[in-house]
Amino acid sequence: MTEAAELPPAPDKAREVFGDRFDDAVRYAELLADAGVQRGLIGPREVPRLWERHLLNCAVLSEVVPEGVTVCDVGSGAGLPGIPLALVRDDLKITLLEPLLRRTNFLTEVVELLGLDHVTVVRGRAEEVLGKLQPVHVVTARAVAPLDRLAAWGIPLLRPYGEMLALKGDTAEEELKAAGTALSKLGAESTSILHVGEGVVDPLSTVVRVEVGESPGGVRFAAKRAKAARAGRVRRRR
């Protein structure tokens, strides 16, 4: 039996959550269960729980993303949470940021196949695109790295007074406490733990929210951004 054949039917909640994009969500789940497994983007054991653990778990992040903002999904991997978020929120402008070629190839194929015109795929590491990508309102991430390391990558990509929304598990409180000093140095002004997906997922999805002030990433990254911006202006003049 192929991995694709083991994908369970979409639960009723998926039709409610994805609405007009339900068929696209099903196609994405099929791609994850087939090409996603073959290319090593997800493990074969994840296929039976793709809907509850992955697609719906990520889609409910939309509950805490403001309307009409720009989003960068750092370390997007197989497109989680970026693609489920894009399927339920066509008001967002989303960048899927991923350093590995085989993953960006997959993401590009999915975006084109599903007609996600409001999604852009960018290959690179967060520290490499600093100053090249326009700062965003929201950075998202899921299962990328411990919070302190993730914040060092993601927060500098934010515009002033933006926020990072990181999907975390049972260790969210511990990670947040351990990352306190690092977050302060990166310009974080407030942090909170949110639980989303009431009536959709069980257990609820846990989100760590980090809100920044006027200098995302702190003084060091402000200088780095300014240097990159100057270099970009020089290149454009040539």
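Here is a chat between a colleague and a modeller about the structure above.

Colleague: Before we start, what kind of model is this, and how are residues numbered?

Modeller: This is a predicted model, where local features need pLDDT of at least 70, side-chain atom pairs count only at pLDDT 80 or more, and totals for chains, interfaces and linings use all residues. Side-chain values use heavy atoms, with hydrogens and water left out, and residues are numbered from 1 along each chain as its sequence is written.

Colleague: How many helices and strands are there in the protein?

Modeller: Helices (H or I, at least four residues) and strands (E, at least two) are DSSP runs, numbered from the N terminus. Counted that way, the protein has ten helices and seven strands.

Colleague: What share of the residues is buried?

Modeller: Buried means under 20% relative accessible area, exposed means over 50%, and partly exposed is in between, using a 1.4 Å probe and protein chains only. The protein has 238 residues, and the buried share of them is 49%.

Colleague: Which element gives the most to the largest nonpolar core?

Modeller: A nonpolar core is a set of buried Ala, Val, Leu, Ile, Met, Phe, Trp, Tyr and Cys residues joined through side-chain atoms within 4.5 Å. The largest one has 50 residues, and Phe18, Tyr28 and Phe106 touch the most other members. Elements giving two or more residues to this core include helix 1 (12-18), helix 3 (50-59) and helix 5 (101-114). The top contributor, with nine residues, is helix 2.

Colleague: And which residues does Phe18 contact?

Modeller: Contact means heavy atoms within 4.5 Å. Leaving aside neighbours within four places in sequence, the partners of Phe18 are Ala25, Trp51, Leu55, Leu56, Ala59, Pro84, Leu87 and Val88.

Colleague: How many residues are in the second, separate core?

Modeller: Cys72, Val122, Leu130 and Leu147 are included in this second core. Its size is 28 residues.

Colleague: Let's look at strand 1. How many bridges pair it with strand 2, and in which sense?

Modeller: Two strands pair if DSSP finds at least two bridges between them. Strand 1 (residues 70-74) has four of its five residues buried, and Thr70 stands opposite Lys93 in strand 2. Strand 1 and strand 2 (residues 93-98) pair in the parallel sense, over five bridges.

Colleague: Which helix joins those two strands in a β-α-β unit?

Modeller: The unit is right-handed: with the strands pointing away from the viewer, the path from the first strand over the helix to the second runs clockwise. Between strand 1 and strand 2 in this unit comes helix 4 (residues 82-88).

Colleague: What is the bridge partner of Cys72 in strand 4?

Modeller: Strand 1 also pairs with strand 4 (residues 136-142), in the parallel sense over three bridges. There, Cys72 is matched with Val139.

Colleague: Why do the buried residues of helix 7 line one face?

Modeller: Helix 7 (residues 147-154) has Leu147, Leu150, Ala151 and Gly154 as its buried residues. Seen down the helix axis, they line one face because the directions from the axis to their C-beta atoms fall within an arc of 100°.

Colleague: Is strand 5 parallel or antiparallel to strand 7?

Modeller: Strand 5 (158-168) has eight of its eleven residues buried. Six bridges join strand 4 to strand 5 in parallel, with Ala166 as the partner of Ala141. On strand 7, Ala166 is partnered by Val208, and the six bridges between strand 5 and strand 7 are antiparallel.

Colleague: Is Tyr161 buried or exposed?

Modeller: Tyr161 lies in strand 5 and has a positive phi of about 65° although it is not a glycine. Its relative accessible area is 58%, so Tyr161 is exposed.

Colleague: How far apart in space are Val144 and Gly75?

Modeller: Val144 sits in the loop between strand 4 and helix 7 and, at 27% relative accessibility, counts as partly exposed. Val144 and Gly75 are 69 residues apart in sequence, but their C-alpha to C-alpha distance is 6.2 Å.

Colleague: Last one: what is omega for the cis peptide bond between Asp202 and Pro203?

Modeller: Pro203 lies in the loop between strand 6 and strand 7. Another cis peptide bond joins Leu80 and Pro81, with omega about 10°. For Asp202 and Pro203, omega is about 5°.
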